[in-house]
Amino acid sequence: MKPYLGEAWKQTNELWQQEEKRLSGGERQAVQRVRIKKAEVANKQATIVEAMKARVADGDKLTDLRRFVQSLAREAVAGGIRDRGKMVDAVHAQVEKVLPGVSRDAVADAISGYAISGH
């Protein structure tokens, strides 16, 4: 899927630009790109971390928290992180608040689902 993401992004942007041109006349309505504010991302991340803490208190391990870890990764990207390594570092920092000492590789596996799927 990853090889196709760049092309899909390019096509989406081209369609967006075509639509903006089409609407740029008397009929143009306010067409704006909405950027998620970093504060909103931080609030969502904090909420996810708190939910993870509750699950860990109930005995869950990293493998049980994959959905939360993947949500943290999505929020990191929504916050503007585009580099994979930086995204893993950002998620690792958040997960370490819940599971101190967790390895960066374990977090990367949880993001990808690699360790969970049995590969």
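**Figure 1. Contacts of Q94 in this predicted model.** Beyond its neighbours within four places in sequence, Q94 touches Q45, V49 and L72. Q94 belongs to helix α4. Is Q94 buried or exposed? Its relative accessibility is 14%, so Q94 counts as buried; the cut-off for buried is under 20%.

**Figure 2. Helices α2 and α4 packed together.** The two axes lie 9 Å apart, and the angle between them is about 40°. That angle makes α2 oblique to α4. The crossing of α2 past α4 is right-handed. Which residues meet here? From α2 come Q45, V49, M52, K53 and V56. From α4 come Q94, V95, K97 and V98. Two of the α2 residues, Q45 and V49, are also listed among the contacts of Q94.

**Figure 3. R84 in helix α4.** R84 has a place in α4, a helix that covers residues 84-98. Is R84 buried or exposed? Its relative accessibility is 52%, so R84 counts as exposed; exposed means over 50%. Now find A108. R84 and A108 are 24 residues apart along the chain. Their C-alpha atoms are separated by 9.7 Å.

**Figure 4. Helix α3 and its buried residues.** Helix α3 covers residues 66-78. Its 13 residues should span 18 Å at 1.5 Å a residue. The C-alpha atoms at its ends are 18 Å apart, so the model agrees with that expected span. Which residues of α3 are buried? They are F68, V69, S71, L72, A73, E75 and A76. The cover over these buried residues includes α2, α4 and α5. One of them, L72, is in contact with Q94. Just past the end of α3 comes G80, with a positive phi of about 110°.

**Figure 5. Helices α3 and α5 packed together.** The angle between these helices is about 90°, and their axes lie 8 Å apart. The pair is therefore roughly perpendicular. On the α3 side, R66, V69, Q70 and A73 make the meeting. On the α5 side, the partners are V107, A110, I111 and S112. V69 and A73 are also among the buried residues of α3.

**Figure 6. The two sides of helix α5.** Helix α5 covers residues 104-112. Its buried residues are V107, A108, A110 and I111. Why do they share a side of α5? They cover an arc of only 160° around the axis, which puts them on the same side. On the other side, D105 and S112 are exposed. The cover over the buried residues of α5 includes α3 and α4. After α5 comes G113, which has a positive phi near 85°.

**Figure 7. The whole protein chain.** How many helices and strands does the protein chain have? There are five helices and zero strands. The order of elements from the N terminus is α-α-α-α-α. The protein chain has 119 residues, and 26% of them are buried. Consider the contacts in the protein chain with a separation of 6 or more. Of these, 48% join residues 24 or more positions apart.

How values were computed
Residues are numbered from 1 along each chain as its sequence is written. This is a predicted model: local features need pLDDT of at least 70, side-chain atom pairs count only at pLDDT 80 or more; totals for chains, interfaces and linings use all residues. Side-chain values use heavy atoms; hydrogens and water are left out. Buried means under 20% relative accessible area, exposed over 50%, partly exposed in between (1.4 Å probe, protein chains only). Helices (H or I, at least four residues) and strands (E, at least two) are DSSP runs, numbered from the N terminus. The arc is that of the directions from the helix axis to the C-beta atoms. Contact means heavy atoms within 4.5 Å. The expected span of a helix is 1.5 Å times one less than its number of residues. Axes are lines fitted to C-alpha atoms, for helices over the stretch in contact, and angles run from 0 to 180 degrees between N-to-C directions. Angles under 35 degrees count as roughly parallel, over 145 as roughly antiparallel, 65 to 115 as roughly perpendicular and the rest as oblique. A crossing is left-handed if the near helix is turned anticlockwise from the far one by less than a right angle, and right-handed if clockwise.
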